[in-house]
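Hi everyone, thanks for coming. I'd like to walk you through one protein model today, so please have a look at the sequence and the structure on the screen.

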Amino acid sequence: MKNIVVVLAVVAFTITAYAFILPQQDVWKVPEKYEKMKNPVIADPVSVKNGNEIYSSHCTNCHGVKGKGDGKKSVSLNSIPSDFTSPAFQKQTDGALLYKIYFGHKDMPGFKNRIPDNDDVIEGSFGKTRSPGDLVNFLRTFAK
Ligand code: HEC
């Protein structure tokens, strides 16, 4: 009898512990190296236009034309594409956005090697081409 109580206590403790630990593991953590990274591409009209083109062909399906997370594919996903117009989204650094675009999370695919001309990307950098910087510059245009 005593053993059963001990076993039950251990089981209960384990379940409770996991209930607290699992949601934390799910957090989309950005490494410090990326947090501090500066976007080398100036957000001029040419950059924003190129970013818009990349966004239109790779991202609208899920994130929607207006960045609200309401693309036509979004209904079939298990995780919700974030609202790019929200202050919480926009307050992230350019490097943090780059990291999230490069590596993805849950239903968000990683685009590190899918961004046009970015196959020679150096891990932990905005790359040798303008495209990743252009894409991040375009995401900034969703700020209200
Ligand atoms: C297949 C659907 C899908 C596609 C395509 C997609 N995303 Fe996402 N994206 C998501 C989902 C779902 C999330 C939320 C993931 C999470 O919270 O774990 C997300 C999250 C993000 C985030 C982080 C949001 C935040 O709140 O920090 C960024 C940045 C992002 N996407 C950019 C892009 C860009 C840029 C493209 C195109 C190159 C793209 N995504 C293409 C589904 C998609």
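Let's go straight to the iron atom of the ligand. There are 6 donor atoms around the iron atom, and the angles they subtend run from 88 to 179 degrees, which makes the arrangement octahedral. If you want the reasoning, six donors count as octahedral if opposite donors are over 155 degrees apart and all others are between 65 and 115. Do keep in mind that what you see is a predicted model.

Which protein atoms are donors of the iron atom? They are NE2 of His63 and SD of Met108, and they lie 1.9 to 2.1 Å from the iron. Now find those two residues along the chain. Histidine 63 belongs to helix α4, residues 60–63, while methionine 108 is in the loop between α6 (94–103) and α7 (131–140), so the pair ties together parts that are 45 residues apart in sequence. Is histidine 63 buried or exposed? Its relative accessible area is 11%, and because buried means under 20%, that puts it on the buried side.

Okay, zoom out a bit. The secondary structure comes to 7 helices and 0 strands, so if you read along the sequence, you just get α-α-α-α-α-α-α. The protein has 144 residues, and buried ones make up 36% of them.

Next up, the largest pocket. How much space lies in it? About 700 Å³. The lining has 34 residues, and those closest to the pocket's centre are Trp28, His63, Pro81, Phe84 and Met108. You've met two of those names already: His63 and Met108 are the protein donors of the iron.

Where does the lining come from? Helices α3 (45–58), α4, α6 and α7 each supply at least two residues. The one that gives the most is α3, with 5 residues. As for chemistry, the lining divides into 19 nonpolar, 10 polar and 5 charged residues.

Speaking of charge, let's do salt bridges. The general idea is simple: side chains of opposite charge can pair when their charged atoms come close. How many salt bridges does a search of the whole structure find? The search finds 6, and I'll show you some of them.

Start with glutamate 32 and lysine 36. Their side chains meet in a salt bridge at 2.8 Å, N to O. Glutamate 32 counts as exposed, with 55% relative accessibility, and lysine 36 counts as exposed as well, with 56%.

Now look at aspartate 83 and lysine 68, whose side chains meet in a salt bridge at 4.0 Å, N to O. Both aspartate 83 and lysine 68 are in the loop between α4 and α5 (87–90), so this pair ties together parts that are 15 residues apart in sequence. Aspartate 83 is partly exposed at 26% relative accessibility, and lysine 68 is partly exposed at 42%.

Then there's arginine 130, which forms a salt bridge with aspartate 134; the closest N and O atoms are 3.5 Å apart. Salt bridges that share partners join Asp44, Arg130 and Asp134 into one network. What I'd point out here is the exposure of the two partners. Arginine 130 is partly exposed, with a relative accessible area of 41%, whereas aspartate 134 counts as buried, at 1%.

A few last spots to click on. Lysine 106 has a positive phi of about 50 degrees, although it isn't a glycine. You'll find lysine 106 in the loop between α6 and α7, and that's also the loop where methionine 108 lies. Lysine 106 is exposed, with a relative accessible area of 55%.

Serine 82 is in the loop between α4 and α5, and it's partly exposed at 37% relative accessible area. Measure along the chain and then through space: serine 82 and cysteine 62 are 20 residues apart in sequence and 9.6 Å apart in space, C-alpha to C-alpha.

Try that again with serine 131, over in helix α7. Serine 131 and isoleucine 115 are 16 residues apart in sequence, and 6.9 Å separates their C-alphas in space. Serine 131 counts as buried, with 6% relative accessibility.

That's my tour. Thanks for listening!

Definitions and conventions
Residues are numbered from 1 along each chain as its sequence is written. This is a predicted model: local features need pLDDT of at least 70, side-chain atom pairs count only at pLDDT 80 or more; totals for chains, interfaces and linings use all residues. Side-chain values use heavy atoms; hydrogens and water are left out. Donors are N, O and S atoms within 2.8 Å of the metal (3.2 Å for Na, K and Ca); water is not among the atoms, so sites may look incomplete. Four donors count as tetrahedral if all angles lie between 85 and 135 degrees; four count as square planar and six as octahedral if opposite donors are over 155 degrees apart and all others between 65 and 115; anything else is irregular. Helices (H or I, at least four residues) and strands (E, at least two) are DSSP runs, numbered from the N terminus. Buried means under 20% relative accessible area, exposed over 50%, partly exposed in between (1.4 Å probe, protein chains only). On a 1 Å grid over the protein atoms alone, a cavity is a set of points where a 1.4 Å probe fits but cannot get out, and a pocket is an open set with protein on both sides within 12 Å along at least five of seven lines; lining residues have an atom within 4 Å of a point. Grid points are joined across faces, edges and corners, and a volume is the space filled by probe spheres set on the points. Ala, Val, Leu, Ile, Met, Phe, Trp, Tyr, Cys and Pro count as nonpolar, Asp, Glu, Lys and Arg as charged, and the others, Gly among them, as polar.
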